[in-house]
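Please open the model in a viewer with a cartoon representation and keep the sequence panel visible. The tour proceeds by selection, with a short account of what each selection shows.

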Amino acid sequence: MIIDRFEGDTAVIETDSGMIEADVSELPENAREGDVLVIENGQYAVDAETTEQRRRKNSDRLRRLFERG
């Protein structure tokens, strides 16, 4: 699950089966757009390692794209 965006007090979360919404109060305080979420003990938690890997991979893709141009 990945936080797609925030709309007021609602987080829009991308899942394998589509988009869902969650109240921002259900997320960790430090959650931000692009974070990968997991459910631990019935609560959302940020998967920091997977989030960082995903951000690095996307950054590398952008860098390679602009190097070609």
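This is a predicted model.

**First stop: the sheet**

Select residues 2-7 and 18-23, which are strands E1 and E3, and add residues 10-15, which are strand E2. Together the three strands form an open sheet in the order E1-E2-E3, with antiparallel pairing. E1 and E3 stand at the edges, and each has a single partner strand, so one side of each is left without a neighbour in the sheet. View the sheet so that the strand directions can be compared: on average, neighbouring strands are turned by 30° against each other, direction ignored.

**Second stop: E1 and E2**

Restrict the selection to E1 and E2. Their antiparallel pairing extends over five bridges. Show the residues Phe6 and Ala11: Phe6 stands opposite Ala11, which belongs to E2. Next show Ile3 and Ile13; here Ile3 faces Ile13 of E2 as its opposite residue. Then move to the connection between the two strands. E1 and E2 form a hairpin with two residues between them. Select Gly8 in this turn, where phi is positive, at about 65°.

**Third stop: E2 and E3**

Now hide E1 and display E2 with E3. These strands run antiparallel and are joined by six bridges. To inspect one position, select Val12 and Glu21: Glu21, in E3, is the bridge partner of Val12. The connection here is again a hairpin, as E2 and E3 have two residues between them.

**Fourth stop: helix H1 and Glu49**

Select residues 48-68, which make up helix H1. Glu49 is found in this helix. Is Glu49 buried or exposed? With a relative accessibility of 59%, Glu49 counts as exposed, because the cut-off for that class is over 50%. Add Val36 to the selection and draw a distance between the C-alpha atoms: Glu49 and Val36 are 13 residues apart along the chain, and their C-alpha atoms are separated by 8.9 Å.

**Fifth stop: the nonpolar patch**

Which residues make the nonpolar surface patch? Select Leu62, Leu65 and Phe66 and switch to a surface representation; these residues make a nonpolar surface patch of about 350 Å². Leu65 lies in H1, the helix in which Glu49 is also found. Leu65 has a relative accessible area of 51% and is therefore classed as exposed, the threshold being over 50%.

Technical notes
Residues numbered from 1 in each chain as written. Predicted model: local features only at pLDDT ≥ 70, side-chain atom pairs only at ≥ 80, totals over all residues. Heavy atoms only, no water. Patch = residues over 30% accessible without salt bridge, like charges linked within 9 Å, V, L, I, M, F, W, Y side chains within 5 Å. Areas by Shrake-Rupley, 256 points an atom, 1.4 Å probe, with all protein chains shown as cover. Salt bridge = Lys/Arg side-chain N within 4 Å of Asp/Glu carboxyl O. Helix = DSSP H or I, 4+ residues; strand = E, 2+ residues; numbered from the N terminus. Buried < 20%, exposed > 50% of the residue type's maximum accessible area, 1.4 Å probe, protein only. Pairing = 2+ DSSP bridges. Axes fitted to C-alpha atoms, helices over the stretch in contact; angles between N-to-C directions.
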